[in-house]
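This report is meant for a reader who meets the structure for the first time. It begins with a single residue and moves outward from there to the sheet, the cores and a few ring contacts.

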Amino acid sequence: MAAESSEGEEETKLSGGSLLLTVDDDLTEMGKKAAWSVSSCKPGNGVSSLRDDNLETYWQSDGGQPHLVNIQFQKKVRLQLIVLYVDFKLDESYTPSKVSIRAGDGFHNLKTVELVKPTGWVYLSLSGVDPRDTFVNTFMLQIAVLSNHLNGRDTHVRQIKVYGPRPNPIPHQPFQFTSREFITYSSIR
């Protein structure tokens, strides 16, 4: 379902969503290392509502589209997956229908995703078309809500999680040891 346009923009169409958040063990949540900002918000429905791990709260934009969520890191990080929680059943015309992900160092890292009545966690991979491109190195990630269902003006996004590969706890070690016992015996005396 992914189509490559001539401008280097990748378009994908997603429907549904998952009610349970399931992420691989080799990924870690990177959002806590970032500074978050939004283009606009209604009072009481700002950035903190996106990051509070409560599916009852939401960020609500206020103003014209596109509605932007900016995620800035102090140093370059590797990102692999963005997970949004949206709920068409509760939010109807406030639910995003077209989302653009901008990451990396240029316009060649632009991904547009069309969401069809999503309810639950929606997984947006930052992996490129090339299988060797499993992550994106970036200082900034921008999520732009380009349009809403039923031509709604403002948007509701209930949660956003950003995941990157789990760092290796032992520098210059080619293997990813995960248990404390393996890490204890990982070096040769």
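Leaving aside its neighbours within four places in sequence, which residues is Ile 82 in contact with? The model is a predicted one, and in it Ile 82 touches Ile 101, Val 122, Tyr 123, Leu 124, Leu 126, Leu 141, Ile 143, Ile 160 and Lys 161 once those sequence neighbours are set aside.

**The surroundings of Ile 82**

Ile 82 belongs to strand E7, which covers residues 81-87. Its relative accessible area is 0%, and because buried means under 20%, Ile 82 counts as buried. Ile 82 and Tyr 163 lie 81 residues apart in sequence, while their C-alpha atoms are 6.3 Å apart in space.

**The open sheet**

Strand E7 is one of four strands that form an open sheet, in the order E3-E13-E7-E10, with antiparallel pairing. Strand E3 (27-29) and strand E10 (119-125) stand at the edges of this sheet, and since each has a single partner strand, one side of each is left without a neighbour in the sheet. On average, and with direction ignored, neighbouring strands of the sheet are turned by 25° against each other.

Strand E13, residues 159-165, pairs with E3 in the antiparallel sense over three bridges, and E13 is also joined to E7, again antiparallel, by five bridges. E13 is mostly covered, for seven of its seven residues are buried. The table sets out some of the residues that face one another across these pairings.

| Residue | Residue opposite, in E13 |
|---|---|
| Leu 27 | Pro 165 |
| Thr 28 | Gly 164 |
| Val 83 | Lys 161 |

**The nonpolar cores**

In soluble globular proteins, nonpolar side chains tend to be buried together. The largest nonpolar core of this model has 27 residues, and those with the most contacts inside it are Ile 71, Ile 82, Leu 141, Ile 143 and Ile 160. At least two residues of this core are supplied by each of strand E4 (34-38), strand E6 (67-79), E7, strand E8 (96-103), strand E9 (110-116), E10, strand E11 (136-148) and E13. The largest share, five residues, comes from E6. Apart from this core lies another, made up of six residues, among them Leu 81, Tyr 85, Trp 121 and Tyr 163.

**Contacts that involve rings**

How many aromatic pairs does the count come to? The count comes to one aromatic pair, and it is formed by Tyr 85 and Trp 121, which meet edge-to-face with 5.1 Å from centre to centre and 70° between the planes. The pair links distant parts of the chain, for Tyr 85 is in strand E7 and Trp 121 is in strand E10, 36 residues apart. Tyr 85 counts as buried at 7% relative accessibility, and Trp 121 is likewise buried, with a relative accessible area of 7%.

A ring also takes part in a contact with a charge: the charged end of Arg 78 sits over the ring of Phe 135, at 4.2 Å from the centre of that ring.

**Bringing the parts together**

Strand E7 can thus be followed through several parts of this account. Ile 82 in E7 is among the residues with the most contacts inside the largest nonpolar core, whereas Tyr 85, in strand E7 as well, is one of the six residues of the other core.

Conventions: Residues numbered from 1 in each chain as written. Predicted model: local features only at pLDDT ≥ 70, side-chain atom pairs only at ≥ 80, totals over all residues. Heavy atoms only, no water. Pairing = 2+ DSSP bridges. Axes fitted to C-alpha atoms, helices over the stretch in contact; angles between N-to-C directions. Buried < 20%, exposed > 50% of the residue type's maximum accessible area, 1.4 Å probe, protein only. Contact = heavy atoms within 4.5 Å. Core = buried A, V, L, I, M, F, W, Y, C linked by side-chain atoms within 4.5 Å. Phe/Tyr/Trp six-rings, centres within 6.5 Å; stacked < 30°, edge-to-face > 60°. Lys NZ or Arg CZ within 6 Å of the ring centre and 35° of its normal.
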